[in-house]
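This briefing addresses a metal site, an annotated position, a helix and the cysteines of one protein. The sequence and structure are shown first.

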Amino acid sequence: MEDFIRHLPKVELHLHIEGSLEPELMFELAERNNITLPYANVEEAREAYHFHNLQSFLDIYYQGANVLLTERDFFDLTWAYLMRCKADNVMHTEIFFDPQTHTGRGIAFDTAINGIYHALRQGEKELGITSQLIMCFLRHLSEEAAFETLEQAKPHLHRLVGVGLDSSELGHPPEKFARVFAEARALGLTTVAHAGEEGPASNIYDAIELLHVSRVDHGVQCTQDPALVELLAQTRMPLTVCPLSNIKLRVFDRMEDHNILSLLDKGLCVTVNSDDPAFFGGYMNDNFLALNRALSPSKEQLTQLTRNAIEAAFVDKDTRQSLHQKLDDFSANHGVH
Ligand code: HPA
Ligand code: ZN
């Protein structure tokens, strides 16, 4: 089964590029940029990656991003992630970046997006991995700051498929960003939002009703509300679930308790994603393997998780068709019905 999982074609829809910064690259960039890190070495950094909730992670995550200064740094970060995609048979990926994490410390919006975008284009050409880029607003910052960020994005709209909402969910509900999301939609961007990770099921409703999201990031708290679970199943609203992240941030105590397969069996469009792989213990294969060890999914369930991600991807008809074809070929070759 582990071999089957490693070779399974995959689509990733929930990945913060800043969260793919491995300690090794962090040290390399710190040296290149003459920055002193609060860790003596790579091992000490990894040792600090023990979290008890979302906020305890975010504090360390934002600090790590301080080593990213130049376009080349953002390129190298994104390229390293794409190499992991290649190794894990990720065919298509839709990644988040947090412009405010960088503009807030004097790095230009353009520096970040140029580096990330050029790596994604090279990944398409040289690795055959298709991709999309989603810009997230930090929800602990103000509505005004989100509007400023949207303004800075205007020269780059052709490079963005949508906007998202991340950072501290508790105390910063979707309604705070209803107006800026409305403007983003008016500019032709799709919308997604983190909701129901640590926060209540009502945040999932509000993301759908007030932000008009096309996908919900995480969403695992939907099980607090059976009517919501029913609605998500009926509408096939995708949930970008992140199993290892949920364990590291104590959303579930143990992987054995995770609800992803029960939601899958209820007909929800759940998908598997790595969120912040450098901090949470692994990339796409690691997430599938961890689910496998704890919950013993069938081959049909595993392929359905990729089928859902293809259904939920922000791609044109031809790209979606070609992704389905690759998955169907794999299934046929591996006796999956
Ligand atoms: N939740 C909220 N904000 C984030 C996350 C997450 O899992 N990862 C990076 N920013
Ligand atoms: Zn996330």
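Four donors count as tetrahedral if all angles lie between 85 and 135 degrees; four count as square planar and six as octahedral if opposite donors are over 155 degrees apart and all others between 65 and 115, and anything else is irregular. Donors themselves are N, O and S atoms within 2.8 Å of the metal (3.2 Å for Na, K and Ca); water is not among the atoms, so sites may look incomplete. The model is predicted: local features need pLDDT of at least 70, side-chain atom pairs count only at pLDDT 80 or more, and totals for chains, interfaces and linings use all residues. Residues are numbered from 1 along each chain as its sequence is written, chains are lettered from A and ligands numbered from 1 in written order, and side-chain values use heavy atoms, without hydrogens and water.

**Zinc site**
- The zinc ion (ligand 2) has as protein donors His14 (NE2), His16 (NE2), His194 (NE2) and Asp275 (OD), at 2.1 to 2.2 Å.
- The arrangement is irregular because the 4 donor atoms subtend angles of 83 to 174 degrees around the zinc ion (ligand 2).
- Along the sequence, the donor residues follow the spacing H-x1-H-x177-H-x80-D.
- Histidine 194 lies in strand β5 (residues 190-195) and aspartate 275 in the loop between β8 (270-272) and α14 (277-280), so that the pair, 81 residues apart, links distant parts of the chain; helices (H or I, at least four residues) and strands (E, at least two) are DSSP runs, numbered from the N terminus.
- Histidine 194 is buried, at 4% relative accessibility, where buried means under 20% relative accessible area, exposed over 50% and partly exposed in between (1.4 Å probe, protein chains only).
- Aspartate 275 is likewise buried, at 2%.

**Annotated position**
- An unreviewed UniProt entry annotates Asp276 as "binding site"; such annotations may be inferred rather than shown by experiment, and positions follow the numbering used here, with feature names shortened.
- Aspartate 276 sits in the loop between β8 and α14 and is buried, at 3% relative accessibility.
- Leaving aside residues up to four places away in sequence, aspartate 276 touches His16, Gly19, Phe57 and Tyr61 (contact means heavy atoms within 4.5 Å).

**Helix α2**
- Among the buried residues of α2 (residues 23-32) are Pro23, Leu25 and Phe27.
- The buried residues of α2 pack against α3 (42-48), α4 (54-64) and α5 (71-87).

**Cysteines**
- The whole structure contains 0 disulfides, a disulfide being a pair of cysteine sulfur atoms within 2.5 Å.
- Cysteine 85 is buried, with a relative accessible area of 2%.
- Cysteine 242 is buried at 0%.
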